[in-house]
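Here is a short report on one protein model, written to be read beside its sequence and 3D view. Keep both at hand while reading.

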Amino acid sequence: MFQAAAKMFLVPNVSVCRGILFSIRHYCRKTPQRLRVSQALSSVELGANITVQGWVRSVRAQKENLFLHVNDGSSLQSLQIVASSELHDALLTFGSAVEVSGVLQKSPNRKQPVELQADQIHVVGQCNPLDFPFKIKERHSLEYIRQFPHLRCRTNVFSSLLRIRSEATAAIQTYFKENGFVQIHTPVITSNDCEGAGELFQVEPSGQAKEKNHFFSVPAFLTVSGQLHLEVMSGAFSRAYTFGPTFRAENSQSRRHLAEFYMVEAELSFTRSLEDLTKVMEDVVRSATERVLAHCAEDVDLFHKHVNPGCREIVDRMLKTKFNVITYTEAIDILNSSSQKFVFPTNWGCDLQTEHEKYLVKHCGNIPVFVTDYPYDLKPFYARDNQDHPEHTTAAVDLLVPGVGELCGGSLREDRPDLLRARLAEAGLEETYGWYLDLRRFGSVPHGGFGMGFERYLQCILGVDNIKDVIPFPRFSHSCLL
């Protein structure tokens, strides 16, 4: 019996051997390398068997060949797919999602470096081109695609915007990290009204909205600024910043306003000079813009060619020229000397409006300009009093830029306890901000900071007129889609 069993194992079994050889061939077969479209376009993997996944941007079927352009969001440029007409499928339409495998080859067409000779095309998600709101050969305006916040990321212009926005975010974070700033995650829910404007969204549980007792025991709101929390941190960190969403309950549908937007805010300790603040403002704008232009050249060019021709010249001038500096008093003199008729008054003591800000930028050669030393009555309680009677100004500064107006606003903070207490008492806020006075009692130092509107920054460098076109999902009065 033992000999019979041994004989069975010694005699070759043809079917078993074939199965083993098939398995070896299957696992040794080279699996197509999965690449993003941007990787495929770099031509590094020429001759390789690859797979790309994305969405069809164009379809052209001929008698013998099928041509597709596929994009996966990794670049503005799409990858051309060339396949036998036998692979054509009625489901291959503009907007459909596909997975394509084949060999990456050098393209005979000078307009594109490579093409994918496909041997497999799989339709992952169908798209009816008749119902799809974007048409293959039409260039849709920003106003048109704004109607479809759930679909506009599929367009060239908005996917470019989102890549630029991502790169600008990274550029700003990199600047602060390389310059010794500590990032602070300031709260979204707060009991403070930093601006004192009263334009706040109150936060309560939906089921308790009509109850008298507050969820947090005190009225709580969505933050309008992380500044006061950064000031807390300035007692332990000489350089701190935050970058996150802020909220304003402004009943406005203008091109300049959003109910939710992103702010970059920084605080510097041990400074008595506005120049320390303006240097950081100018450096972060310059550094971020240079990186965006270097890493998103095609995407930025799309805006500069098709959205706002001429904007690139302004941006280049911004990068090459030092920003101007004028005082508020000088700004008022410039406005009053102008032959232009303004809608809003230009008397000393009046706040600068957008029309004034844009005029001042143009007057200064379309170069960003810092306006310093604003009237005491125009600024919040925390702005440092210059004690320069009779004008009476504060050590505050705004950065005005082409096409937008105000981009950044900041000030030295009032570090003298007596003056701060008097200002808070004057505004009826002494009890509410007792903790803020405490900061001046325990190891306080002279400090200052600023905030920059991220969406306004994008408007400036891209030449986009409406702020709703530089944020993925705009929130504004009477509109909260999705």
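The report goes from the whole chain to its strands, cores and helices.

**Overall form**

This is a predicted model. The protein chain holds 14 helices and 16 strands. Its C-alpha trace spans about 110 × 70 × 45 Å along the principal axes. The radius of gyration is 30 Å, whereas a compact globule of 482 residues would have one near 23 Å. Of the 482 residues, 46% count as buried. The accessible surface comes to about 25300 Å². Carbon and sulfur atoms own 53% of that surface. Contacts often reach far along the chain: among those between residues at least 6 apart in sequence, 68% join residues at least 24 apart.

**The strands from S2 to S6**

Start with strand S2, residues 49-61. S2 pairs with S3 and also with S5. A hairpin of three residues links S2 to S3. S3 in turn pairs with S4, and S5 pairs with S6. The table lists these pairings.

| Strand pair | Sense | Bridges | A residue pair |
|---|---|---|---|
| S2 and S3 | antiparallel | six bridges | arginine 60 and phenylalanine 67 |
| S3 and S4 | antiparallel | six bridges | valine 70 and leucine 79 |
| S2 and S5 | antiparallel | seven bridges | glutamine 53 and glutamate 99 |
| S5 and S6 | antiparallel | ten bridges | lysine 106 and valine 114 |

Strand S3 covers residues 65-71 and is mostly covered. Five of its seven residues are buried. S4 takes in residues 79-84. S5 runs over residues 97-106, and S6 over residues 114-125.

In a regular strand, side chains alternate between the two faces of the sheet.

**Valine 52**

Valine 52 sits in S2. Is it buried or exposed? Valine 52 counts as buried because its relative accessibility is 0%, and the cut-off for buried is under 20%. Which residues does it touch, leaving aside neighbours within four places in sequence? They are Leu35, Leu79, Ile81, Val98, Glu99, Val100 and Leu116. Arginine 34 is 18 residues away along the chain, yet its C-alpha atom is separated from that of valine 52 by 5.9 Å.

**Two nonpolar cores**

The largest nonpolar core has 66 residues. Ile172, Phe176, Val285, Leu399 and Tyr457 have the most contacts inside it. A second, separate core has 23 residues, including Ala83, Leu104, Ala118 and Ile121.

Take leucine 399 from the largest core. Residues up to four places away in sequence are not counted here. Leucine 399 touches Met281, Val285, Phe323, Pro368, Val369 and Phe370, among others. It also touches Gly405, Glu406, Leu407 and Cys408. Val285 is thus both a contact of leucine 399 and one of the residues with the most contacts in the largest core.

**Helix H10**

Helix H10 spans residues 328-336. Which of its residues are buried? They are Tyr328, Ala331, Ile332, Ile334 and Leu335. Seen down the axis of H10, these buried residues fall within an arc of 160 degrees, so they line one face of the helix. What do they pack against? Their partners are strand S12 (324-327), helix H11 (354-363) and strand S13 (369-372).

**Helix H14**

Helix H14 covers residues 454-462 and is mostly covered. Nine of its nine residues are buried. They are Phe454, Glu455, Arg456, Tyr457, Leu458, Gln459, Cys460, Ile461 and Leu462. Tyr457 is also among the residues with the most contacts in the largest core. Just after H14 comes glycine 463, with a positive phi of about 75 degrees.

**Threonine 155**

A loop residue closes the tour. Threonine 155 lies between helix H4 (142-145) and helix H5 (156-178). Is it buried or exposed? Threonine 155 is buried, because its relative accessible area is 10%. Leaving aside neighbours within four places in sequence, threonine 155 is in contact with Phe134 and Ile145.

How values were computed
Residues are numbered from 1 along each chain as its sequence is written. This is a predicted model: local features need pLDDT of at least 70, side-chain atom pairs count only at pLDDT 80 or more; totals for chains, interfaces and linings use all residues. Side-chain values use heavy atoms; hydrogens and water are left out. Buried means under 20% relative accessible area, exposed over 50%, partly exposed in between (1.4 Å probe, protein chains only). Helices (H or I, at least four residues) and strands (E, at least two) are DSSP runs, numbered from the N terminus. The arc is that of the directions from the helix axis to the C-beta atoms. Contact means heavy atoms within 4.5 Å. A nonpolar core is a set of buried Ala, Val, Leu, Ile, Met, Phe, Trp, Tyr and Cys residues joined through side-chain atoms within 4.5 Å. The radius of gyration is taken over C-alpha atoms; the globule rule is 2.2 Å times the number of residues to the power 0.38. Accessible areas come from the Shrake-Rupley method with a 1.4 Å probe; for residues, only the protein chains shown count as cover. Two strands pair if DSSP finds at least two bridges between them.
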